[in-house]
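Open your viewer and get ready to select residues by chain and number. Each stop tells you what to pick and what is there.

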Amino acid sequence: MATTLSPDLRHQVESGTISAGEALRRLSRLQAAPQPDVVAGRRGESPPAPSAGAAAALAELDALVGLRSVKRMVHEVQALVQIQAHRRQHGLATQLGTMHMVFSGHPGTGKTTVARIMGSLLHGMGVLSKGHMVEVERADLVGEYIGHTAQRTRDAVRRALGGVLFIDEAYSLARGGAKDFGREAIDGLVKAMEDGREQMVLILAGYPGEMEWFLLQNPGLRSRFPIHIHFPDYTAAELVEIAGIMCRGQDYHLAPEAQTFLRDFIAGAPEWFACEEGNARAVRNLVERAVRCHALRLVQKSPLTREDLMLLRRQDLEDALLTHAAGGGGSGRPGDEG
Amino acid sequence: MLRVAAEAAGRGMRGEREMLDVVLAGAPGSGKTLLLTALMQLMGQGIFATTVAESGRQVRLRRGRHSRLLRLWDSPGFSDAIEPDPIRRRQQAQALERLLAGFPFLHVVDVSRVGEAGLTTVDESLAALGRRREKYCLVATCMDRPWAHTGLQHLRRHVAPAGVLPVCAPSGQGLGQVKAFLLGLAYPP
C-alpha cells in the first residue's frame with residue numbers, strides 16, 4: 001500500500017502541498033503493522049485490543065486531508081472506549097456514557113465521511129453491533145399527518161439499531177414552529193436515545209450557527225449529545241491536495257501550473273470555496289467540470305498520447321471556472337452531503 | 001521512485017559486495033550533517049559544511065580481507081512547515097522516497113532538545129517507522145549540551161528501548177559505536 005502511495009507523497013512534498021513532516025506521519029501510519037502492547041505485554045496480560053476493523057477505520061480517518069481537530073476528537077473517543085475496556089477488565093468503574101454526537105461545519109467539510117468512519121470505528125471497538133450508517137434528513141422523518149412522523153422516526157431508528165443514525169441539517173426539524181411535525185420527530189428521537197442507549201449512536205449534523213440554535217430549542221438535547229465536533233473549512237493548500245486526490249482517483253493528474261493556479265484562485269476567493277459553495281464539494285464540482293473542458297480541448301486533437309489523456313492543464317481549470325460563471329455546470333449547492 | 005529503484009539496481013554492479021546505502025534523517029538542526037562529517041573523517045574522508053543530499057557520500061568499509069562501499073545519504077531536516085526552497089523540497093522528497101524504499105536509516109535526534117522540550121512529532125514518526133525496521137538506529141547527538149542526559153533517559157525509556165547511541169560529534173565521543181553499527185549492517189553475522 002505504501003509503495004503505491006509513494007509518488008503521491010513525493011509529489012506533494014516536492015510541490016509544497018504538504019510538509020515533509022506530514023508526509024512522514026502518513027508514511028509511518030501506512031507502514032504501521034500490528035504491534036504488541038508494550039506495557040501490557042510486560043505484564044503478560046491480554047488486554048482488550050481494538051480489532052482490525054477499528055484500526056482500518058482509524059487509518060482511513062488519518063488518511064483524510066486536514067481535519068486535524070476532528071481527527072484528534074475521534075482519537076479521543078477511541079482512546080476513551082479502549083481505556084474504559086481496560087478499566088472494566090480490572091474491575092474499575094466505567095463511565096462510557098452516551099456516545100451521541102453533534103457535527104457542525106459547512107457543507108463539504110467531511111461530516112458524512114467522518115460519521116461513516118465513526119460507525120466502523122465503534123463497531124470495531126465493540127460499542128456498536130453492526131456499525132452501519134443510516135443517513136436521513138427532515139423529509140425522511142417528518143410525516144404529513146398526526147402520528148405519521150412518530151412512525152417514520154421509529155422506522156429510521158429501527159433501521160439504524162446497531163449502527164449510526166446520521167441526521168443531516170438536523171436543525172430543520174425545529175424550524176417550523178411549535179405546531180410543526182418536526183417537533184414530534186425530535187421527541188421520538190429523544191425517546192429512542194433513552195431507550196436504546198447502547199444500541200445506536202445518533203449524530204446530528206449541520207451548519208455551526210444553526211446547530212447551536214437547534215440545541216437551544218430543546219433543553220434536554222444538549223446534555224444528551226456529549227460529543228461536539230466542529231469541522232473547520234479547508235485551507236487553500238488542503239483543497240488543492242483534495243483536488244489532486246480526486247484527479248488521481250479518476251486517472252487524471254493536475255499539471256503543476258494548474259495546481260499553482262488553483263491554489264492562487266482559492267486563496268484569492270476564500271469565501272467562494274470555504275462556505276456556501278461547499279469546500280471539498282466545490283473542488284469536486286470544479287474537477288468534474290475541468291474533466292469536461294479537458295475532453296472538449298482534446299476532442300479535435302490527433303494523435304492523443306496517454307499523457308494528453310491524463311493531464312489537466314491550467315486552461316482546463318480556467319475554462320471550468322468560466323463555464324461555472326456562465327451557469328454551465330453543477331452548482332456545488334450546499335446540503336447535498338457533508 | 002524510479003531514481004531510487006535505479007540507485008538500488010546500480011548497487012552490486014562492481015564485482016564486489018553490493019553497496020550499502022544508509023540515510024541520515026531527522027528534524028532540522030539535529031546534527032545530521034555534523035554527524036556525517038564526523039563519520040566520514042573517522043573513516044578517512046573529507047569535510048562537508050552544509051547538507052549535501054543530491055548524491056550520497058561514499059566510503060569504503062573494511063573488515064579483515066573484506067571491503068564494501070558504504071554510501072551515506074544526508075537529508076534536509078523534516079519539519080511540519082512547508083519548505084519554501086524548491087531544491088530543498090526536492091531533497092526532502094528524495095529522502096522520504098529512500099525511507100519508503102526501505103533503506104536502512106540513522107535517526108538523528110538532538111537529545112538536548114528532547115530533554116528540554118520533548119520529542120517533536122517528526123521524531124515520533126521517524127521512531128515509529130524505525131521500530132518496524134531491523135536496520136534502524138537512533139543516534140542521540142549534542143551530548144555535550146545541557147538537558148542531554150534527561151533527553152537520553154527519555155529516549156531509552158520511551159522511544160527506543162532497544163538501543164540509543166549517544167554521540168558528541170565535535171569531540172568524536174560515541175562515533176565508534178555508530179561505525180560499529182554500520183559495520184554490522186555491512187557484514188551481517
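**Stop 1: chain B as a whole**

Colour chain B by secondary structure. You will find seven helices and six strands in chain B. Keep in mind that this is a predicted model. Now trace chain B from its N terminus. The elements come in the order α-β-α-β-β-α-β-α-α-β-α-β-α.

How much of chain B is buried? Of its 189 residues, 53% count as buried. Next, think about which residues of chain B touch. Take the contacts between residues at least 6 apart in sequence: 69% of them join residues at least 24 apart.

**Stop 2: where chain A meets chain B**

Select residues 20-30 of chain A, helix α2, and residues 86-100 of chain B, helix α3. Their axes come within 11 Å and cross at roughly 10°. An angle under 35 degrees counts as roughly parallel, so α2(A) is roughly parallel to α3(B). The crossing of α2(A) past α3(B) is right-handed.

Show the side chains. On α2(A), pick A:Ala20, A:Ala23, A:Leu24 and A:Leu27. On α3(B), their partners in the contact are B:Gln92, B:Leu96, B:Leu99 and B:Leu100. Sorted by class, this contact of α2(A) with α3(B) has seven nonpolar residues, one polar and no charged ones.

**Stop 3: helix α12 and its two partners**

Move to chain A and select residues 236-249, helix α12. Two helix pairs are worth a look here. Two packed helices are described by the angle between their axes and the distance between the axes.

Add helix α15, residues 279-298 of chain A. α12(A) and α15(A) pack at about 45°, with axes 9 Å apart. These two helices are therefore oblique to each other. α12(A) passes α15(A) in a right-handed crossing. From α12(A), A:Leu239, A:Ile242, A:Ala243, A:Met246 and A:Cys247 take part. They meet A:Asn279, A:Ala280, A:Val283, A:Arg284 and A:Val287 of α15(A). By class, the contact of α12(A) with α15(A) holds eight nonpolar residues, one polar and one charged.

Now swap α15 for helix α13, residues 256-268 of chain A. The angle between α12(A) and α13(A) is about 140°, and the axes are 9 Å apart. That makes α12(A) oblique to α13(A). The crossing of α12(A) past α13(A) is right-handed. Select A:Ala236, A:Leu239, A:Val240 and A:Ala243 on α12(A). On α13(A), select A:Gln259, A:Leu262, A:Arg263, A:Ile266 and A:Ala267. The contact of α12(A) with α13(A) divides into seven nonpolar residues, one polar and one charged.

**Stop 4: the nonpolar cores**

In soluble globular proteins, nonpolar side chains tend to be buried together. Which residues have the most contacts inside the largest nonpolar core? Select A:Val74, A:Phe103 and A:Leu122 to see them. This core has 55 residues. Its largest share, seven residues, comes from α15(A).

Stay on A:Leu122. Leave aside its neighbours within four places in sequence. A:Leu122 is then in contact with A:Val77, A:Val81, A:Met99, A:Met101, A:Val127, A:Leu128 and A:Val201.

A second, separate core has 37 residues. Among them are B:Leu100, B:Leu119, B:Val159 and B:Val164.

**Stop 5: unusual backbone spots**

Most residues other than glycine have a negative phi, and most peptide bonds are trans. Three spots to check:

- Select A:Asp251. Its phi is positive, about 60°, although A:Asp251 is not a glycine. A:Asp251 sits in the loop between α12 and β6 (253-254) of chain A. Its relative accessibility is 56%, so A:Asp251 counts as exposed.
- Select B:Trp147. Its phi is also positive, about 75°, although B:Trp147 is not a glycine. Look for B:Trp147 in the loop between β5 (136-141) and α6 (148-159) of chain B. With a relative accessible area of 47%, B:Trp147 is partly exposed.
- Select A:Ser302 and A:Pro303. A cis peptide bond joins them, with omega about -5°. A:Pro303 lies in the loop between α15 and α16 (306-310) of chain A.

**Stop 6: a last pair**

Finish at A:Thr113, in helix α6 (residues 111-124) of chain A. Buried or exposed, or partly exposed? A:Thr113 has 27% relative accessibility, so it counts as partly exposed. Now add A:Glu60. A:Thr113 and A:Glu60 are 53 residues apart in sequence. In space, they are 9.9 Å apart, C-alpha to C-alpha.

Key
Residues are numbered from 1 along each chain as its sequence is written. Chains are lettered from A and ligands numbered from 1 in the order in which they are written. This is a predicted model: local features need pLDDT of at least 70, side-chain atom pairs count only at pLDDT 80 or more; totals for chains, interfaces and linings use all residues. Side-chain values use heavy atoms; hydrogens and water are left out. Axes are lines fitted to C-alpha atoms, for helices over the stretch in contact, and angles run from 0 to 180 degrees between N-to-C directions. Helices (H or I, at least four residues) and strands (E, at least two) are DSSP runs, numbered from the N terminus. Angles under 35 degrees count as roughly parallel, over 145 as roughly antiparallel, 65 to 115 as roughly perpendicular and the rest as oblique. A crossing is left-handed if the near helix is turned anticlockwise from the far one by less than a right angle, and right-handed if clockwise. Contact means heavy atoms within 4.5 Å. Ala, Val, Leu, Ile, Met, Phe, Trp, Tyr, Cys and Pro count as nonpolar, Asp, Glu, Lys and Arg as charged, and the others, Gly among them, as polar. A nonpolar core is a set of buried Ala, Val, Leu, Ile, Met, Phe, Trp, Tyr and Cys residues joined through side-chain atoms within 4.5 Å. Buried means under 20% relative accessible area, exposed over 50%, partly exposed in between (1.4 Å probe, protein chains only).
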